[in-house]
Amino acid sequence: MSTPIPPDQADLMQPWALTVDRALTHAARWHGDRAVVSRLADGSLSRTNYAEIERRARRCSAALLAAGIGQGDRIATLAMNHANHVTAWFGIMGIGAVCHTVNPRLFDEQLVYIINHAADRWLMADVQFAPLVERLLPQCPTLERVVYFCGEADCPTTHPAVAFDTLLAAASGPVVWGDFDEHSPAALCYTSGTTGHPKGVLYTHRSQMLHTLIIQSRDAVALSAVDTVLSIVPMFHVNAWGIPFAAATSGARLVLPGARLDGASVYELIEQERVTVSAGVPSVWQLLLEYLAKHQLRLSAMRRVIIGGSACPESLIRGFQDDHGVDVIQAWGMTEMSPIGTMGAPTERIAAADAATRLRYTAKQGRVLFGVDLQITDDDGAVLAHDGHMPGHIQVKGPAVIRRYYGDDKDAVGADGFFDSGDIGTIDVDGYMEITDRAKDLIKSGGEWISSVEIENLAVGHPAVQLAAVIAIPHVRWRERPLLVIQLKEGKTASPKELLTFLEGKIARWWMPDAVVFVEHMPLGATGKLDKKTLRVQFAEFTAD
Ligand code: AMP
């Protein structure tokens, strides 16, 4: 006969809510003097440490509380990577307010949309974005206050604003962090959709902390107290892939590059600060390797680089591994996944394989981490085998994966609870996932999204255009660039130049297709939709001049 555990004996472990403030309080208490180094706008370096960041973050919280900001209120940040931004993150999230990181590279209309959609109450920005803030302010009625990450003397005066330093100096009083349900919202990040407006992903404290623990496993980001980590990935891109949290929980020194991501600046920072591990998108690493090759320089302290956000070419892997002895680990994920899902650390079999095999596997998107469920399915939803050949829709599930977009009334997951990533790929017998295609109609150029659908809709507005398709073509530096494929109306003519001129001013300059090509008949699928798969194969080798 079973003897049930009495209810008062069933839960005998301590309640310890997984709230993000714990990462910083841990760092301040146990690694308080570990440095956090920031590159400032003028190029100089500024140094602080976790203890000081915690003190200032509490002052930031006090200032927010004094102004009536409370749990769930959204505070936007429009800033590059630096210690004040980290301070604001924790100051905001510690009291249960929501840190909405805004990507300054979006267009004004997108920024206005997301700030209004989030109903942000404050905006904390870098001084360099003052002209942008000035344009946004009249269109964002929910914004009550602008704070600039600077001292009093540098604070812009063309619109009402307060300097971060002044705000913190005036703040006082005890601040309690945490002390709320771990399922409370902590951070908000918008991601571009194929069509329509960007969508908000609202992370909870629990999802952020579980993501931190997930990526801290040995085969993943795995920062340690002997590491110095350089977060190239911007803090406005999905929690900087969780690096500030992982650095704080592990006591890694944290180096933040500000806005300077050119080869010379990144090299100088890596060498000067003896960076051991870094993370960022391929285009930044491409610039660094080009700079190193040109000046015959070597990386002396760096051991590991995590490359993700776009596929990592083999040339980049070879450049790091062969020329600099730096291990490359590819990461795949997305905003909806907090973001990391798979990472490419080798299994025992791959580690023991020959160099060519290891290279081939490093170029795959990696193995799923504990804490993420991964499956591939066919078009009808049937789960496919892990044979490394049959590609399917890559779907994920987990405690740091989205269930529903912010403000939506419908779940973003299927009946089985899996979220469809919009990526297409295979999984092999060793568990390595490899992306082979993308179902979502977007192009990722230098880590930022370009909507093919938006360009197509504009292009068909030209009187000579019958059908327009925009597909990604490979590019050495930016990984992908848009190619505009046109089927002209019968009897009409138009030159590539004419079509590009037609788009000018309607889209951002960096969205401009690299080339325009004409086809007699646009390939169409069974339902009459543009068959981009065929186009991608047709123009796989295409390079723009
Ligand atoms: P984002 O939400 O902006 O982080 O973009 C996520 C998307 O970027 C994924 O769905 C993929 O399409 C792409 N992506 C991210 N990491 C990789 C990678 N390692 N290789 C190829 N594509 C990637």
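Over the ring of which residue does the charged end of Lys 506 sit? In this predicted model, the ring is that of Phe 502, and the charged end of Lys 506 lies 3.9 Å from its centre. A further contact of this kind involves Lys 199, which is placed over the face of Tyr 405 at 4.7 Å from the ring centre.

Turning to contacts between rings, a search of the whole structure gives 9 aromatic pairs. One of them joins Trp 285 and Phe 320, whose ring centres are 5.7 Å apart and whose planes meet at 75 degrees, so the pair is classed as edge-to-face. Trp 285 belongs to helix 10 (residues 282–294) and Phe 320 to helix 11 (residues 314–324), so the pair ties together parts 35 residues apart in sequence. Both Trp 285 and Phe 320 are buried. The rings of Trp 510 and Trp 511 are likewise edge-to-face, because their planes stand at 80 degrees, with the centres 6.3 Å apart. Here the two partners differ in exposure: Trp 510 counts as partly exposed at 31% relative accessibility, whereas Trp 511, at 3%, counts as buried. Elsewhere, ring pairs link Trp 89, Phe 90 and Phe 245 into a cluster.

The second largest pocket is worth a look too. Its space amounts to about 670 Å³, and its lining is made up of 23 residues. Nearest the centre of this pocket are Asp 437, Arg 438, Ala 439, Lys 533 and Arg 536. Strand 18 (392–397), strand 20 (432–438) and helix 16 (532–538) each contribute at least two residues to the lining. By character, the lining residues comprise 12 charged, 6 nonpolar and 5 polar.

Definitions and conventions. Residues numbered from 1 in each chain as written. Predicted model: local features only at pLDDT ≥ 70, side-chain atom pairs only at ≥ 80, totals over all residues. Heavy atoms only, no water. 1 Å grid on protein atoms, 1.4 Å probe; cavity = no way out; pocket = protein on both sides within 12 Å on 5 of 7 lines; lining within 4 Å. Points joined across faces, edges and corners; volume = space filled by probe spheres on them. Helix = DSSP H or I, 4+ residues; strand = E, 2+ residues; numbered from the N terminus. Nonpolar A, V, L, I, M, F, W, Y, C, P; charged D, E, K, R; others polar. Phe/Tyr/Trp six-rings, centres within 6.5 Å; stacked < 30°, edge-to-face > 60°. Buried < 20%, exposed > 50% of the residue type's maximum accessible area, 1.4 Å probe, protein only. Lys NZ or Arg CZ within 6 Å of the ring centre and 35° of its normal.
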